[in-house]
Amino acid sequence: HYWEVEVVGSRVWSLGVAAESVERKRPVTLTPETGIWSIRQWGDEFDALTSPPSRLPARPIAGRVGVYLNYESGTVSFYNAETKSHLHTITENKFTEKLYPFLWPC
């Protein structure tokens with residue numbers, strides 16, 4: 001599955017994939033252990049939200065981020081949708097439930 005998220009004009013966002021069982025009634029740590037596989041931009045910082053977070057090379061994201069979920073191989077990949085350049089891939093996951101797009105304020 002592939003989708004794109006518009007992030008133009010926002011310097012604070014997180015996006016990726018969330019498991020159906022993720023807690024939605026209160027704040028949750030955004031990590032694969034809690035059922036969220038995502039990347040974020042927080043001002044000038046760009047991170048993969050793993051445990052612990054992994055700093056990614058700073059890259060300007062012009063307007064859209066592409067998210068590619070390969071359920072069978074257990075990967076979530078992120079792309080600059082405008083330049084088609086690879087940003088990051090979260091690997092070695094064993095997905096066992098329904099997954100949904102995850103967006104935090106874009």
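**Notes on an all-strand model, starting from β3**

1. Five of the seven residues of β3 are buried, so this strand is largely enclosed by the rest of the structure. Buried here means under 20% relative accessible area, with exposed over 50% and partly exposed in between (1.4 Å probe, protein chains only). Strands (E, at least two residues) and helices (H or I, at least four) are DSSP runs, numbered from the N terminus.

2. Before going on, some housekeeping. This is a predicted model, in which local features need pLDDT of at least 70 and side-chain atom pairs count only at pLDDT 80 or more, while totals for chains, interfaces and linings use all residues. Residues are numbered from 1 along each chain as its sequence is written, and side-chain values use heavy atoms, with hydrogens and water left out.

3. So much for bookkeeping; now the overall fold. There are nine strands and zero helices. The radius of gyration is 13 Å, close to the 13 Å that the globule rule gives for 106 residues, so the protein is as compact as a globular protein of that length. For that check, the radius is taken over C-alpha atoms, and the rule is 2.2 Å times the number of residues to the power 0.38. Along its principal axes the C-alpha trace spans about 35 × 30 × 20 Å.

4. On burial and contacts: 44% of the 106 residues count as buried. Among contacts (heavy atoms within 4.5 Å) between residues at least 6 apart in sequence, 53% join residues at least 24 apart. The accessible surface comes to about 6,300 Å², and 53% of that belongs to carbon and sulfur atoms. These areas come from the Shrake-Rupley method with a 1.4 Å probe; for residues, only the protein chains shown count as cover.

5. Back to β3 and its sheet. The open sheet has five strands in the order β5-β4-β3-β2-β9, with antiparallel pairing. Its edge strands are β5 and β9 (99-104), each pairing on one side only. Two strands pair if DSSP finds at least two bridges between them.

6. On one side of β3 (residues 36-42) sits β2 (residues 12-19), joined to β3 by seven antiparallel bridges. Val17 has Trp37 in β3 as its bridge partner. Strand β2 also has six bridges to β9, again antiparallel, and there Leu15 stands opposite Leu103.

7. Next, β4 (residues 45-48), which runs antiparallel to β3 with four bridges. Arg40 stands opposite Asp47, and Gln41 stands opposite Phe46. The two strands form a hairpin with two residues between them, and Gly43 in the turn has a positive phi of about 65 degrees.

8. From β4 the chain goes through a five-residue hairpin connection to β5. These two strands pair in the antiparallel sense over two bridges, with β5 covering residues 54-55. Ala48 has Ser54 as its bridge partner.

9. One residue of β3 to look at separately is Trp42. Is Trp42 buried, partly exposed or exposed? It counts as partly exposed because its relative accessibility is 44%. Together with Val12 and Trp104, Trp42 makes a nonpolar surface patch of about 280 Å². Patches use residues with over 30% relative accessible area and no salt bridge, with nonpolar side chains (Val, Leu, Ile, Met, Phe, Trp, Tyr) joined within 5 Å and like charges within 9 Å. A salt bridge is a side-chain nitrogen of Lys or Arg within 4 Å of a carboxyl oxygen of Asp or Glu.
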